[in-house]
Amino acid sequence: MAALLEVENLRTHFATRNGVVRAVDGLSFHVDAGETVAIVGESGCGKSVTSLSILRLVDQPPARIAGQIRFGGRNLAALGEAEMRDLRGNEIGMIFQEPMTSLNPLLTIGRQIAEPVMLHQGLDRVAARARALEMLTLVGIPAPERRLDDYPHQLSGGMRQRAMIAMALACNPKILVADEPTTALDVTIQAQIIDLMRDLQRRTGSAIILITHDLGVVAEMAARVVVMYAGRKVEEADVATIFTDPRHPYTRGLLGAVPRPGSRGTNTRLAEIPGSVPSLIKPLVGCAFAGRCPKAGDICRRAAPAWREVGPGHGAACHFAAGAA
Amino acid sequence: MTATAPDGEGFAIAPDLPPLIAEPPRRGRVATFVRRHPTIVLGAALLGLMVLIAVCAPWLGTGDPQALSPAKRIRAPSAEFWFGTDSLGRDVYSRVIYGARTSLLVGIVVALAATVAGVAVGLVSGFVRWLDPIVMRVIDGLMAIPSVLIAIALLGIARGSVVNVIVAITLAEFPRVARLVRGVVLSLREQPYVDAALACGSGGGRIMLRHILPNALDPIIVQATYIGASAVIAEAVLSFIGVGTPPTVPSWGNIMAEGRALWQVKPYIVFFPAVFLCITVLGVNLLGDGLRDMLDPRVAKRA
Amino acid sequence: MTGYILRRLLMTVPVMAVVALFVFSLLYVAPGDPAAIIAGEQATPAEMQRIRASLGLDQPFVPRFARWAWNAVQGDLGVSVFSATPVSEMIVQRIPPTLSLMVLTLLISIVVAVPVGVVAAANQGGWIDRLFMSAAVLGFSLPVFVVGYLLAYLFALQLGWLPVQGYRPPSGGVWEYLSRLILPALALSGGYIALIARIARSAMLEVLSQDYIRTARAKGVARQVILFVHALRNATLPIVSIIGIGVATLISGAVVTETVFGIPGLGRLVVDALLRRDYPVIQGVVLVFSFTYVLVNLAIDLAYTLLDPRIRY
């Protein structure tokens, strides 16, 4: 079976005053129908740009996108703007990090949810409003009839994110792109939103691309994990393998930086990855992670490692990936 | 895809990807400045040209701007009178060139005076809490009176002279600066480093000079430039409606005022001073826009 | 809500008081004795004294101001020194031309400036944006009377499409009325369009960089709908408020425009009064214009509450 979405050699570069930023540089991954794939990395690694590039929501210029994004037999990167609009919010839904700022403050919740339905499914105002009500009920907003005519500022953060999800799923998309959906929320609300997304995925069968830096969320939701660093994929595996047998030193670093339940005593101290993300303006020589890598050898500073398979469905871009942890 | 490293260790090396976007070419500092801030360069050039004209007025082929020659009234532009003559037979070219002095003088002096007055009032208002509401109500009131009307009202009680025109326009313009400076003071007063300076025993005056003013400088410079442009226009307007500089001091406004009665038949008397006026104001405004873009990176990013 | 309206109304009181104080002080410090002018050349000192007393001119500043302000509140702005007619009467007569000019200018400006600002922002950095913004700098830099002469020369003198100057009341026919207002209104709207278009552009840019615009795009909403429905609504506040603030510029410009086009409005009245040193008239016009400005901005502030559901006072 062909993958639902196949991203191949995606590159998104931005022209800025200070030079060209290679935000995403040669990323490939795929998403199967109904599957949840997490894209993980530190801020600035290009994971958000990846999600925006899939929907072509980055402005070109100043950006330029290259590569293939195959979805339903079409290459999104080559699609016209009008065709792209037909896809957005219809076959591919998207939710964002900041529920506070991602909703239009001057339009009612009901109108904002009804908008894509009217646009893509041709429903009239009344039918779209009914659909909005249905969606609000589905995402578990109490007293949904009243909320339809509320403005975003009248809702709490968690409620707003539920409204965002309702809006993104209103047209039954095949894929939901969730860009840090829980980051801006309180911990208890985070858990509720994750539960909600899992529940909705079971019911609607849509695939999810989950962009996050939170490995806790990854462990709870994802089937497969793509680890990104400096605009490139450094490791990919199913979720169990990533947590038990990470091959890339960066992945290990990320895991080391997460507090593990059950660990006690002196080991509770978080490991951190020394150094910081390299500038993406200068062309990188060698492995992007070499400067922060405890294992980096001469070769790492000279030549960028190619992708290599280290197990079934498991690969890494590291010269030393073959050696077990 | 798999290549062998030159040292033969069998490492797989990722292929090099060609650049998607060409890197912008490196330029020298001057070229970069001109490219990034073309408006500053153009504005400064226009303004510089006018300053040059004003300074060099006597050597630009001008005659006495006051010389009357009743026999040569209302002549069209010619080799003898480049811009023609007015209804009293004065050489319009000489008057326009000398008029640059009046306009620029008014523009520069008002910009400076309004800035100094505005900074003083703004600082006091921002720092002396009990005075603030009083000062701000007065500023609000002054700003509620359209600026030309303030100047008109003031010139109603004092005859038109260059000094009175300057005072009148300054009074109409300084509230803008005062507002701006007060706003900066109020926001900076809460900043940790001002608190720290206070805690270290710095006096109010010292804090103003060392900490507040440098931070407020950029917007003040931009504002002062715009005020200069407004002042040049205001002087022309006041002289045009007959209450500004007296006819003995040629200014673009009063040359136009004198040409007003004849403009339908002899439009050049109005035309030439108008062109000079527009070029000057355009230069100052361009300079102001450019400075704003350069000094306020938040705006520059968008502009 | 009512509380806010009341508070906002109260806030205009000190502003108007300062305006009144400024305007009154003019007469107080003005050279010349109004009593002497009213009494005429042959008046005896006793007569002069009587007139001074009847005008309250012999009293100190504060009671004089109080009396003047009280009269002004009741619509009595004194008597013209020149024509001996009540100032309020003169002003009322001159309102229609000025109001017509300003309303037409306002309409032209908003209709032109808002789309220009939106389109410029939508094409930020492109040639349309540069063209519009260059035109805006020009609009700022060309004084009203220069533009006025240019338009009159072109469209009235050379092409003969419109009358050169003057004013006809609307009772004399709509075209007679409008044709004499078009050129002055166009001249006056230049700077105002530039002002509004620039603010509209920067407000739109601010809004277009917001997350909710990205959300709208992610929903597949078309560009025009995003611009004019999602974005423009959110940019309305700064645009409406600059329209209000710009009324001050508009008033200043109207004074000049009326002079250029020979329109017998309030601007012409104040300029004529100035040349004759007719202080009560100057005071009256300045007061009326300033209060108009304050009231327009008050109305705009109150209108905000209707525009933005977040504002709840």
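1. Let's start with how two helices of chain A pass each other in this predicted model. Helix α6(A) passes helix α7(A) in a right-handed crossing. For orientation, α6(A) covers residues 157-169 and α7(A) covers residues 187-204.

2. How do the two axes lie? They come within 10 Å and cross at roughly 20°. Angles under 35 degrees count as roughly parallel, so α6(A) is roughly parallel to α7(A).

3. If you would like to pick out the contact on screen, look on the α6(A) side for A:Gly157, A:Gly158, A:Gln161, A:Arg162, A:Ile165 and A:Leu169. Their counterparts on α7(A) are A:Ile189, A:Gln192, A:Ile193, A:Leu196, A:Met197, A:Leu200 and A:Thr204. By residue type, this contact of α6(A) with α7(A) has 7 nonpolar, 5 polar and 1 charged.

4. Now over to chain C. Here the chain is divided into domain 1, residues 2-73, and domain 2, residues 88-307. Taken over C-alpha atoms, the centres of these two domains of chain C are 33 Å apart.

5. Where do the two domains of chain C touch? Domain 1 of chain C brings 14 residues to the contact, and domain 2 of chain C brings 12 residues. On the domain 1 side, helix α1 of chain C (residues 2-29) gives the most, with 11 residues.

6. One last thing to look at is the make-up of that same domain 1 surface in chain C. The side that touches domain 2 of chain C consists of 11 nonpolar residues, 2 polar and 1 charged.

Note on methods
Residues numbered from 1 in each chain as written. Chains lettered and ligands numbered in written order. Predicted model: local features only at pLDDT ≥ 70, side-chain atom pairs only at ≥ 80, totals over all residues. Domains from an automatic or database assignment. Contact = placed C-beta atoms within 7 Å. Helix = DSSP H or I, 4+ residues; strand = E, 2+ residues; numbered from the N terminus. Nonpolar A, V, L, I, M, F, W, Y, C, P; charged D, E, K, R; others polar. Axes fitted to C-alpha atoms, helices over the stretch in contact; angles between N-to-C directions. Parallel < 35°, antiparallel > 145°, perpendicular 65-115°, else oblique. Left-handed = near helix turned anticlockwise from the far one by under 90°.
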